[in-house]
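Student: I would like a close look at a single part of this model rather than a tour of the whole. Please choose one helix as the centre and follow its surroundings outwards, with the cut-offs behind each term.

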Amino acid sequence: MKVKNEIMEFNTDMEGADPVNDLSKKSEEKMSPNFLSDFDLHLLGEGRHWRSYNKLGAQLCSKDGVPGVNFVVWAPNASEVCVAGDFNEWRAQDGPLTRITENGYWERFVPGATPGMLYKYYISANGQTWEKCDPYAFGSECPPKTASKIVDLKDYSWNDKTWLENRRNFDWRHKPISIYEVHLGSWRKNNPADKDDWMNYREIADKLVAYVKEMGFTHIEVLPVCEHPLTASWGYQITGYYAPTARYGSPQDFMYFVDTFHQNGIGVILDWVPAHFPKDAKGLGRFDGTALYEHEDARRGEHRDWGTYIFNYGRNEVRNFLISNAMYWADKYHVDGLRVDAVASMLYLDYGRSEGDWLPNEYGGNENIAAINFLKEMNHQVQTTFPGFITVAEESTAWQGVTQPDYSGGLGFCLKWNMGWMHDSLAYMRRDPVYRKYHQDQLTFSMMYAFSENFVLPFSHDEVVHCKSSMLGRMPGDLWQKFANLRLLYGYMWTHPGKKLLFMGGEIGQWNEWNFETELQWELAQYPEHKGLMKCVADLNKLYAQYPALYEMEHHSGGFQWIDCSNREMSTLSYLRKGMQKEDYLVVVCNFTPAVRQDFWIGVPEPGEYEEIFNSDRKEYAGSGVINEGVSAYMNYCQGQPATLRLTLPPLAMIVLKKKQ
């Protein structure tokens with residue numbers, strides 16, 4: 001009865017309050033903060049301690065009035081665990097932890113330990129000892145050094161209260177979301193000639209936020225910032241899930257980064273990697289000499305192609321570790337969403353495996369039931385605890401219900417990358433315009449499934465590496481045609497249903513593929529074609545944000561209607577985008593050939609005057625300047641519409657028309 005009463009008395013001031021974990025927080029006040037309470041251990045054993053980061057790792061506290069740090073680590077199969085660091089002159093023998101439970105949690109209070117001090121665990125079993133980073137470390141040394149760092153996460157004064165309050169009511173389904181994907185180490189550098197001369201989080205924030213605002217993006221998505229030993233992994237081989245990489249500064253510096261974006265009205269999404277982790281000896285692999293975070297059997301526990309371990313999602317403590325990590329970035333760093341990497345590899349037991357090299361589930365199928373349950377629980381917890389928080393799946397298969405609620409059998413993600421649209425669109429645009437008429441279905445097929453999930457349309461970092469060429473380099477034709485094609489592609493993207501995502505450099509028209517060691521080709525921005533492309537992208541973002549017809553119903557079939565999708569001979573498309581109000585509609589026409597189409601007829605919903613509100617061929621974009629000054633529609637049934645509009649279609653261009661009121 002006492003436990004029940006404590007649950008009912010949880011702190012209702014917390015965002016999206018969670019009674020189970022709020023009770024755990026109350027235990028911190030009622031009991032000594034220097035050891036785990038019985039209720040903490042109960043939740044950890046169940047795998048339901050969603051804020052385990054408040055108890056595990058290196059926690060600043062005091063004991064008997066003496067300040068210090070309480071170290072707690074999970075190593076159930078260890079015979080001995082020691083902590084060594086700056087506080088004991090790195091003498092592991094002076095820092096033995098005490099095993100406090102049969103569950104395998106070890107603990108030690110170190111008086112005098114302070115923020116900034118470095119430490120490591122020394123874990124022994126079966127006559128061997130392993131040097132390990134703290135899985136819950138809040139900070140770390142800059143690679144290639146590997147020590148964990150004591151951090152005071154409260155040592156920052158946030159100034160984004162207004163943003164967080166507004167986020168609680170953010171209706172992402174019916175609002176524009178345009179994402180600028182960024183790799184922090186190569187967006188800009190202080191010294192472009194030095195591949196390891198990274199800018200600090202604060203320096204990046206001040207420069208990047210001004211640029212993102214100028215370009216009109218609503219969010220940024222940051223390639224993984226969790227600590228990782230190999231810079232060439234781009235952050236996708238993580239050893240420190242709770243530590244922002246020290247390459248760009250301290251945890252407080254990263255807090256400033258997020259805070260700055262929020263104060264300027266821009267959301268921050270992190271790329272998150274719960275699908276696998278590297279085999280580095282100081283990381284999570286074989287943490288206590290056994291397969292603790294991963295599976296023992298390599299047919300379940302390893303990604304052969306990637307050379308990494310796979311998390312054991314069926315183990316309570318592992319599931320707890322990952323879900324707490326998702327909560328941690330929302331709680332301690334105020335981030336607005338997570339893009340979950342490689343979801344398909346989590347869902348299928350036979351992903352990337354040959355016959356005989358995988359184990360079926362208990363029903364004989366290839367679905368990873370434990371991973372499915374983990375994803376559902378993660379999505380539910382982080383979205384309900386932090387209203388307005390967005391989770392995005394990079395899922396490349398036809399798995400049903402990725403963005404459907406968990407209570408209806410879905411995985412519970414908010415959004416999913418539309419990989420099919422991306423592949424088809426790029427394949428079409430790479431073709432010489434003379435052959436495009438034979439492949440029109442590559443553009444139109446996306447509308448067969450566009451509303452089966454809540455989609456993001458991604459041109460991500462994956463599309464500009466590994467000899468795929470840059471976005472501009474993929475386009476056919478001479479210099480003028482390449483830029484015209486890319487402006488057309490972006491125009492098609494921004495008027496197609498779905499949220500938008502563009503990787504850095506794509507808006508500049510970079511010639512080179514992305515290279516994580518060098519900054520973007522900013523010198524190109526001085527040339528008219530590149531400058532015009534940048535202005536085109538900025539104006540597309542403004543258009544998207546200004547007209548509800550482009551975002552209010554982008555996840556509903558009522559927001560889109562073909563006017564004509566069958567004009568293969570001319571390689572044109574025309575369609576309507578619609579808002580919730582009947583009068584909110586826009587007419588979009590695309591010409592995928594370099595021929596100017598004079599006296600081009602299309603059907604429109606009403607007679608009257610129409611104005612051209614966007615044209616990717618404008619001279620200010622370095623186009624040829626074929627525009628429509630003003631056009632009129634008259635009553636005449638055409639293409640299923642009651643009125644006919646006659647206009648001029650510019651070459652390799654997209655135009656948007658709006659009826660004058």
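Tutor: Let us take the crossing of H11 and H14, where H11 passes H14 in a right-handed sense (the near helix is turned clockwise from the far one by less than a right angle, whereas anticlockwise would be left-handed). The model is predicted, so local features need pLDDT of at least 70 and side-chain atom pairs pLDDT 80 or more, whereas totals for chains, interfaces and linings use all residues. Residues are numbered from 1 along each chain as its sequence is written, and side-chain values use heavy atoms, without hydrogens or water.

The axes of H11 (residues 419–429) and H14 come within 11 Å of each other and cross at roughly 150 degrees (axes are fitted to C-alpha atoms, for helices over the stretch in contact, with angles from 0 to 180 degrees between N-to-C directions). H11 is therefore roughly antiparallel to H14 (over 145 degrees; under 35 is roughly parallel, 65 to 115 roughly perpendicular, the rest oblique). The labels H and E denote DSSP runs numbered from the N terminus, helices (H or I) of at least four residues and strands of at least two.

From H11, Trp 421, Ser 425, Leu 426 and Met 429 meet Asn 485, Leu 488, Leu 489, Tyr 492 and Met 493 of H14 (contact means heavy atoms within 4.5 Å). The residues of this contact between H11 and H14 divide into seven nonpolar, two polar and no charged (Ala, Val, Leu, Ile, Met, Phe, Trp, Tyr, Cys and Pro are nonpolar, Asp, Glu, Lys and Arg charged, the others, Gly among them, polar).

H14 also touches strands of two assemblies. H14, residues 479–495, lies across E23, E24 (585–591) and E29 (653–659), running at about 40 degrees to E29; H14 also lies across E10, E20 and E21, at about 145 degrees to E21.

E23, E24 and E29 are among the eight strands of an open sheet with antiparallel pairing, in the order E22-E23-E24-E29-E26-E27-E28-E25 (two strands pair if DSSP finds at least two bridges between them). At the edges of this sheet stand E22 (560–564) and E25 (597–604), each of which pairs on one side only. With direction ignored, neighbouring strands here are turned by 35 degrees against each other on average. At the E22 edge, four bridges join E22 to E23 (residues 572–578), and the two strands run antiparallel; within E23, Tyr 575 is the bridge partner of Trp 562. A further helix meets this sheet, for H15 (residues 528–546) lies across E26 (608–615) and E29, running at about 135 degrees to E26. E29 is thus met by H15 as well as by H14.

E10, E20 and E21 belong to the other assembly, a closed barrel of eight strands that runs E10-E11-E14-E17-E18-E19-E20-E21 with parallel pairing. Neighbouring strands of the barrel are turned by 25 degrees against each other on average, again ignoring direction. Four bridges join E20 (residues 455–459) to E21, and this pair runs parallel; Phe 459 stands opposite Leu 502 in E21.

E10, which H14 crosses, is also met by H5, since H5 lies across both E10 and E11 (219–222) and runs at about 145 degrees to E10. From H5 we reach another helix pair, as the axes of H5 and H6 (residues 251–263) come within 8 Å and cross at roughly 15 degrees. That angle makes H5 roughly parallel to H6, and their crossing is right-handed. On the H5 side, Tyr 201, Arg 202, Ile 204, Ala 205, Asp 206, Leu 208, Val 209 and Val 212 make the contact, and on the H6 side Gln 252, Asp 253, Phe 254, Tyr 256, Phe 257, Thr 260 and Phe 261 do so. By class, the contact of H5 with H6 holds 10 nonpolar, two polar and three charged residues, whereas that of H11 with H14 has no charged residue.
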